[in-house]
Protein chains: 2
Amino acid sequence: MDRRQKKTRSAIFNAFSKLLAEKSYNKITVQEIIDTANVGRTTFYAHFETKDDLLKALCEELFGHIISSTLDCTHTHGLYSSGNAPESVFCHLLQHLQENENNIIELLSSESSELFLRYFKDSLNKLIENQFVNQNRKNNTDIPQDFLLNHISGSFVEMVLWWIKSRMKQTPEELDRYFRAVIEPIL
Amino acid sequence: MDRRQKKTRSAIFNAFSKLLAEKSYNKITVQEIIDTANVGRTTFYAHFETKDDLLKALCEELFGHIISSTLDCTHTHGLYSSGNAPESVFCHLLQHLQENENNIIELLSSESSELFLRYFKDSLNKLIENQFVNQNRKNNTDIPQDFLLNHISGSFVEMVLWWIKSRMKQTPEELDRYFRAVIEPIL
DNA sequence: TTTGCTATTGAACTTATTGTACGTTAATGA
DNA sequence: TCATTAACGTACAATAAGTTCAATAGCAAA
């Protein structure tokens with residue numbers, strides 16, 4: 001890929017992230033993005049069809065990265081297969097979030113958090129689904145599996161939101177313990 | 001309140017709901033709203049400052065109604081205090097949703113669901129918080145109470161979303177049973 | 001019914017934003 | 001070096017937001 005393209009793409013992403021941390025998605029104009037990114041109007045539309053398109057691309061980059069890196073770290077373990085091993089998938093995710101690469105936390109706490117949440121949850125679902133099938137579960141066979149899946153990823157997302165809202169006072173390990181306490185009894 | 005005001009207000013609400021079921025919030029224009037509602041441009045701005053203001057008013061009306069009506073039905077009971085009483089708060093809520101007063105379901109399944117979700121969850125939180133304090137719980141005292149609160153209301157919202165996404169195949173009673181199965185073990 | 005008040009109307013208008021067109025400039029990689 | 005192509009910037013049409021104002025119509029009380 002052309003060096004110029006990479007440069008503009010990244011400039012636009014950065015500008016967009018910066019603006020998203022400041023104001024709500026629908027109040028951000030293309031004009032502001034290109035002003036902040038310091039690129040021409042035509043250039044923007046050469047890269048992205050619309051603002052929605054830009055958001056989609058940003059989300060794919062952000063969550064694709066965090067999920068695949070978590071997968072790498074834990075591909076040898078199940079969801080919680082090593083008992084209370086510190087290297088649980090969820091703990092890894094929380095640690096990644098705390099390190100806040102790419103300002104995911106800022107985006108999740110922005111006014112447009114809902115937009116990211118859905119992408120986040122979708123990514124999580126794929127991640128958990130993979131690990132879930134290899135899991136030996138209790139006899140909750142009367143509860144549908146996709147209900148449980150949704151419950152787990154949904155609860156996790158809501159917990160992260162709660163974490164951010166309460167200013168991330170807890171450590172990832174603490175949070176992981178809370179999460180186990182409400183999830184493990186039903187696995 | 002003047003009969004004319006009521007009429008206009010309701011016409012705008014109806015038009016807005018109809019449009020929200022069809023398309024995403026940020027793609028709806030004021031022009032479309034006033035065309036659908038058959039009111040003048042000036043009239044719209046006499047009632048609502050912005051489109052966001054309209055949304056807020058709609059949410060307050062919708063969720064305020066459903067929550068207070070659930071409160072009325074269950075003010076004599078705790079969260080689940082009557083064992084597996086059919087008149088649990090959650091079952092009531094689900095039944096209300098299924099009856100689909102005011103098209104809440106359509107709004108929650110629209111592309112703009114995120115906007116309603118936060119209102120929904122906020123309302124839920126207040127509702128549950130009230131009932132929660134009167135509840136005799138197990139010895140999960142090492143898990144913060146507001147974490148549990150958030151977990152319950154968050155899970156409920158995510159469950160409703162899952163319900164809608166899977167076309168509401170389950171009955172409210174079934175769903176309530178699923179929900180108990182994942183929530184009661186931690187209470 | 002009359003009267004005063006107020007909500008609604010419609011049209012015009014300013015400003016802001018979107019998305020496109022096109023000729024020019026400058027960086028890139030072979 | 002040279003052909004390619006990304007980026008620039010200016011201009012432009014189309015659409016939308018929000019305001020102003022005079023005119024109209026509906027309401028509630030006398």
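Buried area is the accessible area, found with a 1.4 Å probe, that two parts lose on being put together, summed over both. This is a predicted model, in which local features need pLDDT of at least 70 and side-chain atom pairs count only at pLDDT 80 or more, while totals for chains, interfaces and linings use all residues. Residues are numbered from 1 along each chain as its sequence is written, chains are lettered from A and ligands numbered from 1 in the order in which they are written, and side-chain values use heavy atoms, with hydrogens and water left out.

**Exercise 1. Describe the area and the contact residues of the interface between chain A and chain B.**

Step 1. Chain A and chain B bury about 2700 Å² between them, and 60% of this lies on carbon and sulfur atoms.

Step 2. On the side of chain A, the residues that lose the most area to chain B are A:Phe147, A:Glu158 and A:Trp162, together 24% of what that side buries.

Step 3. Contact means heavy atoms within 4.5 Å. Chain A gives 29 residues to the contact and chain B gives 29 residues.

**Exercise 2. State how chain A can be laid on chain B.**

Step 1. Superposition is by least squares on the C-alpha atoms of residues with pLDDT of at least 70 in both copies. A turn of 180° and a shift of 0.1 Å along the axis lay chain A on chain B with an RMSD of 0.1 Å.

Step 2. The two copies are therefore related as by a two-fold rotation axis.

Step 3. The same surface serves both copies, as 100% of the contact residues of chain A recur in chain B.

**Exercise 3. Find the salt bridges between chain A and chain B, and the elements on the side of chain A.**

Step 1. A salt bridge is a side-chain nitrogen of Lys or Arg within 4 Å of a carboxyl oxygen of Asp or Glu. Between chain A and chain B the count is seven salt bridges. One of them joins A:Arg177 to B:Asp142, at 3.4 Å from N to O.

Step 2. Helices are DSSP runs of H or I with at least four residues, numbered from the N terminus. Helix 7 (113–132), helix 8 (145–165) and helix 9 (172–183) of chain A each give two or more residues to the side that touches chain B. Helix 8 of chain A has the largest share, eleven residues.

Step 3. By class, this side of chain A has 15 nonpolar, five polar and nine charged residues. Here Ala, Val, Leu, Ile, Met, Phe, Trp, Tyr, Cys and Pro count as nonpolar, Asp, Glu, Lys and Arg as charged, and the others, Gly among them, as polar.

**Exercise 4. Which residues come nearest to DNA strand C, and which atoms of the strand lie within 4 Å of the protein?**

Step 1. A residue is near a strand if one of its heavy atoms lies within 4 Å of it. Of the 19 residues around DNA strand C, the nearest are A:Arg3, B:Thr8, B:Gly40, B:Thr42 and B:Thr43.

Step 2. Of the strand C atoms within 4 Å of the protein, 62% belong to sugar or phosphate and the rest to bases.

Step 3. The side chain of B:Thr43 has an N or O atom 2.7 Å from a phosphate oxygen of DNA strand C, and a polar side-chain atom of A:Arg41 lies 3.0 Å from a base nitrogen of this strand.

Key
Polar contact = N/O pair within 3.5 Å; in protein donor to acceptor, adjacent residues only side chain to side chain.
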